Amino acid sequence: MKRLLDLGGRLVEYTLTRKSVKNINIRVRADGTVGVSAPHRITDQEVETILVSRGDFILGALEKFSALAQQESGEPAYDQGKTVWLLGRKYPIRLQEGKKNRAELAGDEILLQLRNPSSGELRKKTMEDFYKAQCLAVTTELCHGIHPHLEPLGVPFPEIKVRSMTSRWGSCKPSDKRVTFAWQLVKAPVECVEYVVWHELIHFLHLNHSPAFYGCLEQFVPDWKARRKRLNSGPWP
């Protein structure tokens with residue numbers, strides 16, 4: 001039986017099979033599918049609770065296999081005329097030779113200036129550096145806007161990090177007062193990015209995806225389901 005599980009704002013599909021086994025077994029396969037076998041005596045809710053507690057393992061394994069698949073299929077070329085996403089809008093790339101390696105938004109296009117424009121590896125690194133800087137700027141601004149609503153509830157202003165993540169949009173580590181966002185998130189519309197920021201900051205109040213967590217999210221972001229659907233169905237992973 002196929003089911004959906006919310007892990008860090010990312011919907012993960014898994015197949016649940018009932019067997020005569022003693023414990024729950026979780027298998028993350030190279031094709032990105034997740035299989036779960038569980039004894040008959042454990043309820044569906046107990047299975048989901050255990051899966052949420054193993055969320056870091058599941059998402060970490062999915063990221064690993066996704067990264068391997070990207071290496072095998074080839075990374076985006078970021079070549080002249082290719083289009084890329086930024087905050088829900090598509091921009092064509094214009095390559096230009098220059099003394100420094102940098103990318104910037106220039107009107108209706110992304111200017112990718114490189115010492116060696118023919119180098120695919122250099123194009124990739126420079127574009128990813130651009131995306132990381134954009135993501136950090138956008139999520140930081142959103143955190144400053146959202147935090148005053150949560151500060152009275154005891155939520156600290158967090159340290160904000162960005163890194164590559166292929167199976168989740170963000171993570172929260174309350175013990176370190178830190179939130180981390182996938183730089184790929186900045187490709188999506190700003191209302192989707194805002195949803196993820198709310199999601200991670202509310203984890204300072206509710207560690208798991210409990211009814212209390214979703215109740216709090218609903219209070220501040222009534223249309224969060226629509227935002228999540230748009231985020232996860234978009235062309236920007």
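This tour moves through a predicted model, from one strand residue to a set of packed helices and then to the aromatic rings.

**First stop: L7**

Begin by selecting L7, which sits in strand β1, the stretch formed by residues 2–7. With a relative accessibility of 2%, L7 counts as buried, since buried here means under 20% relative accessible area. Now show the surroundings of L7: leaving aside residues up to four places away in sequence, L7 touches V12, L51, V52, G55, I58, L59 and H209. If you then add P211 to the selection, you have a residue that is 204 residues from L7 in sequence, while the C-alpha atoms of L7 and P211 are 14 Å apart in space.

**Second stop: helices α4 and α6**

Next, select helix α4, residues 190–202, together with helix α6, residues 224–233. Two packed helices are described by the angle between their axes and the distance between the axes. For α4 and α6 the angle is about 115 degrees and the axes are 9 Å apart, and the two helices are therefore roughly perpendicular to each other. Their crossing is left-handed. To see where they meet, display the side chains of E191, C192, E194, Y195 and V196 in α4, and those of W224, R227, R228, R230 and L231 in α6. Sorted by class, this contact has five nonpolar and five charged residues, and no polar ones.

**Third stop: helices α4 and α5**

Keep α4 on screen, and replace α6 with helix α5, residues 211–220. The axes of α4 and α5 come within 10 Å and cross at roughly 135 degrees, so this pair is oblique, and the crossing is right-handed. Which residues of α4 and α5 meet here? On the α4 side they are Y195, W198, H199 and I202, and on the α5 side they are F213, C216, L217 and F220. By class, the contact of α4 with α5 has seven nonpolar residues and one polar residue, with no charged residues. Y195 is worth colouring separately, as it appears in the contact of α4 with α6 and also in the contact of α4 with α5.

**Fourth stop: the aromatic pairs**

The structure holds five aromatic pairs, and two of them are visited here. For one of these, select Y131 and W183, whose ring centres are 5.4 Å apart and whose planes stand at 15 degrees, so the pair is stacked. Y131 lies in helix α3, residues 120–150, whereas W183 is in the loop between β11 (178–182) and α4, so the pair ties together parts that are 52 residues apart in sequence. Both residues count as buried, Y131 at 1% relative accessibility and W183 at 4%.

For the other pair, return to the contact between α4 and α5 and select W198 and F220, whose ring centres are 4.9 Å apart with planes at 20 degrees, so the pair is also stacked. With W198 in helix α4 and F220 in helix α5, the pair links distant parts of the chain, 22 residues apart. Are W198 and F220 alike in how they are classed, or which of them is buried and which is partly exposed? W198 counts as buried at 7% relative accessibility, whereas F220 is partly exposed, with a relative accessible area of 23%.

To finish, go back to Y131 and W183 and add F130 to the selection, because these three residues form one aromatic cluster.

Notes. Residues numbered from 1 in each chain as written. Predicted model: local features only at pLDDT ≥ 70, side-chain atom pairs only at ≥ 80, totals over all residues. Heavy atoms only, no water. Helix = DSSP H or I, 4+ residues; strand = E, 2+ residues; numbered from the N terminus. Buried < 20%, exposed > 50% of the residue type's maximum accessible area, 1.4 Å probe, protein only. Contact = heavy atoms within 4.5 Å. Axes fitted to C-alpha atoms, helices over the stretch in contact; angles between N-to-C directions. Parallel < 35°, antiparallel > 145°, perpendicular 65-115°, else oblique. Left-handed = near helix turned anticlockwise from the far one by under 90°. Nonpolar A, V, L, I, M, F, W, Y, C, P; charged D, E, K, R; others polar. Phe/Tyr/Trp six-rings, centres within 6.5 Å; stacked < 30°, edge-to-face > 60°.
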